[in-house]
Amino acid sequence: KFILLLACTFTLSSLHPQSAIDSLFVSLKGNLLPSEKLTFLYNYCEQNVEKDPAAIFQILKESNVFMNNNNLSHRQGEYLFQLANYYSTIHNFDSARTIFYQTLKFVPENNTDLASIIHTKLASIEREQGLLQQALETVIKATDYSKTSGNPSVIANPLVESGNIQCQLGLYNQALSAYQEAITIYKTQKDTLKAISVYLNMGKLFIAQENYPMAIDYYEKALSILKKIKSDAGLALTHLLLSQAYEKTGDLQQALNNCNLAYKEYLLLNYNYQAAYALNQLGLIQIKLKNFESSKIILETAYNTMRENSDELGSSESLLFLGDLYFAMENYNESLKKYTNALTIAEHISSHTLRLQLYEKIANCYYGMGNYKMAMNYQTQYFVINRQFISNEFQLKVSALEVELFQQQADFIAKQQELINGLKTERNLKKKWIVSLFIALLLSSGSFGIILFRLKKKMSQKDKKLSQKLHRINRQQVYLQNLKNQLDEMQKTISRY
């Protein structure tokens with residue numbers, strides 16, 4: 001019924017764009033108030049934005065008119081939230097980020113859950129853009145807001161995004177710890193789909209570490225659970241991730257099989273937009289298999305679908321792979337055109353990570369053409385940006401380690417205070433025991449001596465453990481100071497360069 005309704009909606013909207021929401025209202029039973037209809041529209045948009053972004057954008061435009069015509073302007077914040085969600089889905093990061101910040105103005109002070117959700121989404125966008133410092137600051141705000149929440153999912157979501165950011169910084173142990181904490185919360189709530197999504201993120205973490213067998217294990221575990229709960233969309237995504245993992249191991253046949261499965265599953269769900277990402281992966285595999293003509297057709301189809309849905313990041317990825325195709329064919333002029341077009345899009349959407357990748361590819365292209373001056377020019381730009389990235393990431397790592405050390409110190413001080421309080425209590429008790437023992441000494445001086453010796457020994461052992469813990473803290477402080485000294489040396493080297 002859901003697929004039929006969606007197909008009906010898109011058919012009508014393509015014939016009469018102005019009546020997209022009317023065709024949705026037909027499916028509603030009973031006489032609903034305008035406010036209830038608007039709630040239905042926003043829920044529909046949130047559930048289907050990844051399926052057909054272009055249709056959802058049309059519905060959002062019409063719902064905004066519907067909202068104003070029915071004097072529902074007090075729900076402007078909900079409209080902006082859905083609009084930002086749409087731009088985030090099609091990877092228009094600047095628009096999504098701007099609108100999410102506008103949405104925050106409409107969030108009531110006591111609605112910390114929504115504030116946490118929005119800040120988590122903002123952190124995700126900033127991470128995608130390569131703005132890791134801003135992402136880290138934003139996810140900390142999301143975490144702070146979530147502390148007052150009674151909703152476990154609101155608490156877990158910033159943990160997942162924090163893990164994603166730490167993974168990109170190369171802080172894999174911290175990322176894994178955040179993921180595991182989030183999974184525990186989701187499992188407690190029996191939210192299987194969200195728990196599986198974290199398993200997939202853990203797979204990506206192992207991909208980043210180039211531990212492909214471990215990543216494949218996590219994807220396979222997710223796949224078996226998704227089959228049991230019959231989540232078709234989850235199966236399609238997991239098959240796509242498995243394809244990417246196998247492609248990196250060099251097992252192109254397994255990569256091809258999983259990619260074909262992902263593509264077919266997306267088509268069966270009518271997820272044509274998501275299927276375009278499977279086509280990008282399929283095109284890349286065909287390049288490596290040297291099936292150049294097939295790859296060209298596949299990647300051009302993917303590019304057209306991305307353009308139809310205004311997904312500039314997806315479009316630039318298709319262009320990048322087309323550039324790789326022509327580079328493999330040694331058609332450097334055509335390869336350069338594709339890379340340059342992809343770079344224009346990457347700069348437009350402020351994707352610093354993609355821009356860095358394309359500078360290196362353009363340099364290689366000019367080198368292949370024999371234009372060594374231009375090759376050196378782009379290679380230099382790649383080096384400068386990459387050096388800045390490395391420097392920024394190093395600073396962030398030091399900051400993250402500093403925060404972790406501060407937390408460890410705070411925990412240690414709390415435990416130390418607890419230990420001291422315990423010792424004070426124990427000493428007070430001992431004073432009472434000593435008085436009793438002194439009386440007992442009259443009866444047995446030998447027994448008193450043995451007991452007193454044991455008490456002194458226990459106190460000595462506890463003091464020794466306390467001294468060892470203080471020594472470890474001092475060692476960590478020396479380690480942090482060494483990291484800071486390394487950063488100073490790196491910055492001096494960069495300045496000299």
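Which residues does A375 touch, not counting residues up to four places away in sequence? I shall begin with that question and then widen the view. Please bear in mind throughout that this is a predicted model.

A375 touches A363, Y366 and Y367 once residues up to four places away are set aside. A375 itself has its place in helix 20, which covers residues 372-441. Its relative accessible area is 8%, under the 20% limit, and A375 is therefore buried. There is also a distance to note here: A375 and K361 are 14 residues apart in sequence, and their C-alpha atoms are 9.6 Å apart in space.

Let me now turn to the chain as a whole. The secondary structure of the protein chain comes to 21 helices and zero strands. The chain has 497 residues, of which 44% count as buried. It exposes about 26800 Å², and carbon and sulfur atoms supply 54% of that area. As for contacts between residues at least 6 apart in sequence, 59% of them join residues at least 24 apart.

The next topic is the nonpolar interior. In soluble globular proteins, nonpolar side chains tend to be buried together. In this model, the largest nonpolar core has 74 residues, and I59 and L358 are the ones with the most contacts inside it. The greatest contribution to this core comes from helix 19, residues 352-369, which gives eight residues. What is L358 in contact with, leaving aside its neighbours within four places in sequence? The partners of L358 are L320, Y339, A342, L343 and A346. There is also a second, separate core of 40 residues, which includes A156, L159, L226 and A302.

A word on cysteines. A disulfide is a covalent bond between the sulfur atoms of two cysteines. In this model the count of disulfides comes to zero. Two cysteines may still be mentioned for their surroundings: C45 counts as buried because its relative accessibility is 2%, and C365 counts as buried because its relative accessibility is 0%.

I should like to spend some time on helix 13. This helix runs over residues 232-249, so that its 18 residues reach 26 Å from the first C-alpha to the last, close to the 26 Å expected at 1.5 Å a residue. Its buried residues include G234, L235, A236, H239, L242 and Y246. Against which helices do the buried residues of helix 13 pack? They pack against helix 11 (192-208), helix 12 (212-229), helix 14 and helix 15. After helix 13 comes G250, whose phi is positive, near 95 degrees.

Within helix 13, one residue merits a closer look, namely S243. With a relative accessibility of 0%, S243 counts as buried. Its side chain is joined to that of Q281 by a polar contact of 3.3 Å. Besides Q281, S243 touches A255, N258, C259 and I285, again not counting residues up to four places away in sequence.

Two asparagines in loops come next. N71 is found in the loop between helix 4 (53-69) and helix 5 (76-89). Its phi is near 55 degrees, a positive value in a residue other than glycine. N270 is found in the loop between helix 14 (252-268) and helix 15 (272-288). Its phi is also positive, near 65 degrees, and N270 too is a residue other than glycine. Is each of these asparagines buried, partly exposed or exposed? N71 is exposed, because its relative accessible area is 65% and the limit for that class is over 50%. N270 counts as partly exposed, because its relative accessibility is 23%.

My last residue is T301, which lies in helix 16, residues 292-308. At 39% relative accessibility, T301 counts as partly exposed. Along the chain T301 and G283 are 18 residues apart, and 9.9 Å separates their C-alpha atoms.

To close, I return to the opening question: A363, Y366 and Y367 are the residues that A375 touches, with those up to four places away in sequence not counted. A375 is buried, and its place is in helix 20, in a chain of 21 helices and zero strands. Thank you for your attention.

Terms used: Residues are numbered from 1 along each chain as its sequence is written. This is a predicted model: local features need pLDDT of at least 70, side-chain atom pairs count only at pLDDT 80 or more; totals for chains, interfaces and linings use all residues. Side-chain values use heavy atoms; hydrogens and water are left out. A nonpolar core is a set of buried Ala, Val, Leu, Ile, Met, Phe, Trp, Tyr and Cys residues joined through side-chain atoms within 4.5 Å. Buried means under 20% relative accessible area, exposed over 50%, partly exposed in between (1.4 Å probe, protein chains only). Helices (H or I, at least four residues) and strands (E, at least two) are DSSP runs, numbered from the N terminus. Contact means heavy atoms within 4.5 Å. A disulfide is a pair of cysteine sulfur atoms within 2.5 Å. A polar contact is a pair of N or O atoms within 3.5 Å; within protein, one must be able to donate a hydrogen and the other to accept it, and residues adjacent in sequence count only if both atoms are side-chain atoms. Accessible areas come from the Shrake-Rupley method with a 1.4 Å probe; for residues, only the protein chains shown count as cover.
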